[in-house]
Amino acid sequence: MTITNQQHHRPAIEWLSDLQRAKVEGLSGAKPKITIQDLIEKVNDPNAPEQALIPTSPRSVEACFRLGVDPIELQFHPLAYYKYTGDTDEIARIRYEKNEQVRRERIKSLIDLRKKLVDDGWSGEPGRPGASSAKKAAAAANSNQDGRPNSSTMVEKERQRLDVLRKRHEREIAQMIAHEAARKELADKQQRKVDALEARAAEMARQKAEHDKEWMVRQRELELQRLREQRELEREGKRMAEERYRREREAQRAKEEEEKRLKKEAYLRELERRQRTAEHRAETERILSEQAEKVRVRKQAMEAADAERSKRLQQEAHERHLANLEKRKKAEERINSALTANSEILRKKREEFIRRERDAEARRSELERQEKLAMEQRRQQEIQREQERHQKYLTAQEMEEARKKALRERAEAKERELAELAASRKREMDIRRVEREFELKRRLDRVDEISKVHLYQRQALLERIMDDYERTRRMMRDRQLLMRVRKDTNMAASMQRQQLSQAMEQLRYGRSLERLAGGNGAVNMDTLARRPATARV
């Protein structure tokens with residue numbers, strides 16, 4: 001079988017970058033916000049361009065991220081798209097119905113998840129995850145209307161932000177653990193389903209059992225390896241968060257040069273971590289490509305076996321047809337032989353009859369007068385017997401024709417039955433082949449969805465870490481600004497107290513207060529503080 005239409009998945013990196021770019025364009029207003037509901041008419045058009053199928057609404061893009069769905073793969077394809085070389089219309093319709101059902105389920109899942117995001121108040125805008133963030137922003141704006149940080153509540157706010165950050169990190173870790181448990185349960189369920197499929201196919205592919213078992217072991221090892229790597233990343237993220245928190249406390253007392261050194265080290269560590277992440281992603285893509293290649297080789301082997309089996313069935317049907325033709329030929333030979341024997345018998349009977357007629361004529365010539373009446377009677381009897389013999393002959397011919405007709409009908413019925421049986425078996429084999437192909441495609445789709453979800457989660461975790469890092473830097477700058485303001489205030493107060501002390505000392509040794517007084521007779525303390533220390537009263 002030659003497959004003319006085969007749908008391939010886009011690389012996860014390309015999928016993630018396209019959706020992120022569409023989300024940014026929708027948030028910035030560069031493009032109108034297009035939701036999944038708005039794209040339903042476009043995805044149902046098989047001739048629509050791929051870029052027109054990508055949503056720009058933040059909630060719709062987030063739904064695609066969380067489900068690992070590529071909106072380009074939701075495009076409708078007609079029945080002719082699923083009809084491969086050598087397939088019947090029924091097989092193409094079965095393949096079309098299965099793929100169309102999966103496509104509609106994906107669209108429904110995206111719509112339901114987007115509705116849930118709308119109900120939860122998720123907006124997708126940076127710094128505005130929900131209504132609570134908006135209230136916090138308004139409160140912060142009201143508290144800082146003068147453009148300067150509130151020094152009396154800065155430390156308490158900082159402590160509260162640190163508590164919120166710690167709790168959010170705990171919630172994120174709990175969500176990651178819950179997601180990992182759900183993913184593990186889904187992987188176990190998928191594993192059980194694969195085991196059941198292999199058990200049903202063991203009778204037909206006994207020679208591939210060892211290879212399939214080895215493949216499943218490798219899959220399990222890869223899954224465990226990915227799980228260990230994911231946990232290692234989580235531990236690394238937690239360790240980095242603790243390290244950042246420790247550095248924040250030490251940075252309060254560090255000098256500016258020490259802060260530059262810490263920033264440089266943090267930058268180098270981030271580069272190293274990104275390099276490790278890129279290497280891990282490349283290794284994951286290589287393993288997935290190797291798995292896809294192995295699946296393709298297995299699929300070709302199965303198709304070759306199906307073709308060989310179909311060829312063998314056709315050969316057997318041809319041999320049975322030749323045997324039936326041989327049987328029919330022998331039956332016709334027997335019929336012709338029987339007809340020849342009947343003709344020979346009739347010929348002998350006619351000769352015997354003629355001979356008896358000659359004898360009777362001789363006797364009639366001798367006894368013509370004496371036996372004329374008897375001869376007439378015998379002639380009548382002979383005519384009657386001849387009629388009876390002729391009638392029996394016609395009856396025998398009719399019976400022979402009926403028998404030959406019955407034989408031909410039975411042979412034709414047998415051939416029709418064999419042809420129907422062969423067609424039924426071919427149809428069942430085609431249906432099972434389509435089901436195997438569809439099951440394999442669903443498994444590959446699920447692997448692609450899981451890899452895309454993992455990529456999105458890693459990207460989101462990295463973005464959250466970078467946001468926390470930038471927020472921590474802002475907090476450090478605010479605290480330093482607060483310390484400088486406090487220092488300047490203390491220095492200004494100290495200088496003012498010193499100036500006032502000098503001014504009071506001058507008053508103490510002066511002769512009169514009238515020269516220090518203004519026109520209204522009052523002493524201005526600000527003017528007094530600004531007077532030079534060498535001025536005489």
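# Chat about buried R106, Q75 and the nonpolar cores

Colleague: Hi! Starting with R106, is that arginine buried or exposed?

Modeller: R106 is buried, since its relative accessible area is 11% and the cut-off for buried is under 20%. Keep in mind that this is a predicted model.

Colleague: Which residue does R106 form a salt bridge with?

Modeller: D445 is the partner, and the closest N and O atoms of the pair are 3.4 Å apart. R106 belongs to helix α4 and D445 to helix α9, so the bridge links distant parts of the chain, 339 residues apart. D445 is buried too, because its relative accessibility is just 3%, against a limit of under 20%.

Colleague: How many salt bridges does the structure hold?

Modeller: There are 52 of them. I can walk you through a couple more.

Colleague: Please do. How far apart are N and O in the bridge between E214 and R218?

Modeller: That distance is 3.1 Å, side chain to side chain. E214 and R218 both sit in helix α7, which spans residues 209-251, and because they are four residues apart, about one helical turn separates them.

Colleague: And how accessible is E214? What about R218?

Modeller: E214 has a relative accessible area of 44%, which makes it partly exposed. R218 is partly exposed as well, at 23%.

Colleague: What about D430, which side chain does it meet in a salt bridge?

Modeller: It meets K426, with 3.1 Å from N to O. The two residues are in helix α9, four places apart, or about one turn of the helix. D430 counts as buried at 12% relative accessible area, whereas K426 is partly exposed at 37%.

Colleague: Which residues are joined into one network by salt bridges that share partners?

Modeller: R10, E14, D18, R21, D70, D448 and K452 are joined that way.

Colleague: Nice. Switching topic: where is Q75 found?

Modeller: Q75 lies in the loop that runs between α3 (58-67) and α4 (89-119). Even so, Q75 has a relative accessibility of 9%, so it counts as buried.

Colleague: Which backbone oxygens does the Q75 side chain reach?

Modeller: One is the backbone oxygen of D45, at 3.1 Å. Another is the backbone oxygen of P46, which is 3.0 Å from a polar atom of that side chain.

Colleague: What else does Q75 touch, leaving out residues up to four places away in sequence?

Modeller: The full set is V43, D45, P46, N47, A48, L53 and R103.

Colleague: V43 rings a bell. Which residues of α2 are buried?

Modeller: V43 is one of them, together with I36 and L39; helix α2 covers residues 36-43. These buried residues span an arc of only 55 degrees around the axis, so they are on the same side of α2. Their cover includes α3 and α4.

Colleague: Let's talk cores. In the largest nonpolar core, which residues touch the most other members?

Modeller: Those are L16, L19, V43, F65, L74 and L110, in a core of 23 residues. The elements giving two or more residues to this core are α1 (12-28), α2, α3, α4 and α9 (372-509). α1 gives the most, with five residues.

Colleague: What is L74 in contact with, aside from its neighbours within four places?

Modeller: L74 contacts V43, V69, R103, R106, I107 and L110. So R106, with its salt bridge to D445, appears on that contact list as well.

Colleague: Which residues belong to another core, apart from that one?

Modeller: That other core has five residues, and V194, M216, V295 and L440 are among them.

Colleague: Last topic, the overall fold. How many helices and strands are in the protein?

Modeller: Ten helices and zero strands. Of the 537 residues, 27% are buried.

Colleague: And how much of the contact set comes from residues 24 or more positions apart?

Modeller: They account for 80% of the contacts with a separation of 6 or more.

Colleague: What about the surface, how much area does the protein expose?

Modeller: About 37,100 Å², and carbon and sulfur atoms supply 53% of that.

Terms used
Residues are numbered from 1 along each chain as its sequence is written. This is a predicted model: local features need pLDDT of at least 70, side-chain atom pairs count only at pLDDT 80 or more; totals for chains, interfaces and linings use all residues. Side-chain values use heavy atoms; hydrogens and water are left out. Buried means under 20% relative accessible area, exposed over 50%, partly exposed in between (1.4 Å probe, protein chains only). A polar contact is a pair of N or O atoms within 3.5 Å; within protein, one must be able to donate a hydrogen and the other to accept it, and residues adjacent in sequence count only if both atoms are side-chain atoms. Contact means heavy atoms within 4.5 Å. The arc is that of the directions from the helix axis to the C-beta atoms. Accessible areas come from the Shrake-Rupley method with a 1.4 Å probe; for residues, only the protein chains shown count as cover. A nonpolar core is a set of buried Ala, Val, Leu, Ile, Met, Phe, Trp, Tyr and Cys residues joined through side-chain atoms within 4.5 Å. A salt bridge is a side-chain nitrogen of Lys or Arg within 4 Å of a carboxyl oxygen of Asp or Glu.
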